[in-house]
Amino acid sequence: MSGLASMRPVRVVGIGMHSYQFPTDTPYVTLGLTALRQALADAGLQWPDVTMAAIGTGAIGMAAGRVMLRHIGSTGLEVMQVENASASGSSAFRMACMMVASGQHEIALALGVDKFGSAQRAAHKDGIPRLTPAAEIPAVKFALMARAWRDRYGLTPEDMARVAVKNHGNAARNPYAQFRKPRTLEQVLNSNKVAGDLTSLQCTPRGEGAAAVIVASEDAIRKHGLDRGRAIRVLSSVSSSEHAVADEGWSLVEMVQRSGTAALDAAGVEMRDLDIIELHDAFTIEEIVYAEALGLCPLGEGAQQVREGKWDIGGGGCAVNPSGGLLGMGHPIGPTGAGQVAEIVRQLRGEAEGRQHPGARTALAHMIGLGSVAVGHVLQRD
Amino acid sequence: MELREPTLYARSGTGEDAVLLALRDPATGDLAFPRTPYGIGATGTPTEAAEQAELSGRAEVLTCVTVHQPLSPGMQVPLLVARLRLEEGIVLDGIIEGTEEPAPGTKVQAVLVPEEREGGAVLGCRFRVTEGAA
């Protein structure tokens with residue numbers, strides 16, 4: 001776990017996306033370079049200006065970075081591949097931030113890219129049989145969490161479905177989102193039952209895509225004459241994994257609590273300062289539980305906040321997943337965390353056309369990875 | 001009939017009841033299930049230094065859901081998956097016999113039941129309701 005406070009400032013100067021989409025025959029190189037070229041243009045930089053690239057991917061395979069980047073120019077830059085399950089893109093972003101903050105590089109790229117289908121899980125190679133393999137399936141695991149929240153706090157299926165309505169609505173206004181249709185409460189509740197109270201529209205889709213984020217030092221911003229007004233400061237970067245806890249096996253919740261607190265403390269901000277949170281909502285229950293665990297409201301009160309529209313864009317509070325989140329924007333794994341940062345940067349610049357959260361200044365990007373790991377970043381405009 | 005996963009459970013000697021195979025740290029009493037060749041995660045004790053232990057298979061339901069879709073190859077649905085607290089304190093997930101979701105607090109027992117597998121039937125481990133929630 002480490003913040004950025006003791007190191008030199010880092011700012012996001014460029015963002016780019018390839019839309020998330022259902023699996024196609026498009027090579028990952030096309031996806032990744034589309035996002036990269038957008039990010040370079042957004043920053044006003046040339047490719048040789050970037051001296052380090054962290055490539056977040058879960059399924060492409062060895063040397064994904066070089067195989068892709070040689071098509072934009074073999075400049076001799078440092079290339080590192082980062083695999084941290086769903087948090088691969090977040091971890092690549094953290095790595096790029098650390099490289100600049102520590103003075104190793106002036107300008108670094110975090111690029112998440114993935115294709116669906118060929119990821120392998122280490123948990124399937126540990127040689128240990130499972131008593132109940134079904135319980136390892138994420139939809140089942142989170143259906144159990146949803147039922148536990150129902151039993152403890154009175155969470156209803158409608159409460160969870162409202163999260164999907166909100167996030168599909170946000171995604172419908174996001175040109176990079178995989179799902180572009182607003183959904184009604186009835187459509188969400190009446191979609192196919194998957195496990196417990198989770199229906200298919202409450203589960204993230206499978207897909208592919210890419211997201212690129214370029215970070216730079218203050219010196220580099222001056223040297224290259226970049227637009228400092230659009231350069232968003234990264235206040236903190238933290239990463240951690242689960243502790244064993246005895247509370248009915250929900251160590252994930254404790255991990256998110258600790259991770260969120262660490263991210264805010266390292267940034268020197270409080271939860272009430274946050275205008276936006278992008279978080280890991282692969283299943284609707286996750287948004288409610290993680291937002292509670294991060295401290296947006298007390299445990300058990302998330303459903304009420306959703307019912308009152310407090311997490312909506314322009315809802316008067318902290319907007320949660322204005323991108324549409326994993327439920328609506330999609331979750332291609334490698335890009336997801338970098339895509340969260342790109343959305344936040346767009347929002348903090350005031351450039352999220354059609355889905356702008358008014359007055360957004362400070363935001364948290366928080367991602368979970370299988371295992372489990374948590375990665376958090378706080379960003380702020382001047 | 002063979003056990004599907006003989007490193008995880010064994011016959012208890014009482015009817016269809018099963019015991020679960022665990023490790024115990026001799027210094028702290030910490031238990032680890034399943035028994036692995038890698039050690040006890042809670043204390044870092046290697047397996048060679050741990051004691052072998054049998055858990056009763058008696059548990060309480062913490063929460064339970066029905067899986068409606070076959071989410072993995074060969075999964076038969078509807079399937080009841082529950083989070084359970086074993087009498088010895090370990091929390092784990094297990095399959096509940098039948099199709100009616102037991103309420104939190106319901107007592108269950110690990111049992112060995114025939115399951116079809118390529119090459120013939122084997123005994124798998126499920127949890128059977130023994131008494132309702134208090």
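**Domain contact in a predicted model of chain A**

**View 1. Contact between the two domains of chain A.** In this predicted model, 41 residues of domain 1 of chain A are in contact with 35 residues of domain 2 of chain A (contact: C-beta atoms, placed from the backbone, within 7 Å). Domain 1 comprises 10-118 + 206-231 and domain 2 comprises 132-199 + 233-380, with bounds from an automatic or database domain assignment. The centres of the two domains, taken over C-alpha atoms, are separated by 23 Å.

**View 2. The side of domain 1 of chain A that touches domain 2 of chain A.** Elements giving two or more residues to this side are β1 (10-21), α3 (88-101), β4 (107-114) and β7 (208-217) of chain A; helices (H or I, at least four residues) and strands (E, at least two) are DSSP runs, numbered from the N terminus. The largest share, 9 residues, is contributed by α3(A). By residue class, this side holds 22 nonpolar, 14 polar and 5 charged residues (nonpolar: Ala, Val, Leu, Ile, Met, Phe, Trp, Tyr, Cys and Pro; charged: Asp, Glu, Lys and Arg; polar: the others, Gly among them).

**View 3. The fold of chain A.** Chain A contains 12 helices and 12 strands. Its C-alpha trace spans about 55 × 45 × 40 Å along the principal axes. Of the contacts in chain A with a separation of 6 or more, 78% join residues 24 or more positions apart.

**Numbering and confidence.** Residues are numbered from 1 along each chain as its sequence is written, and chains are lettered from A and ligands numbered from 1 in the order in which they are written. Local features need pLDDT of at least 70 and side-chain atom pairs count only at pLDDT 80 or more, whereas totals for chains, interfaces and linings use all residues.
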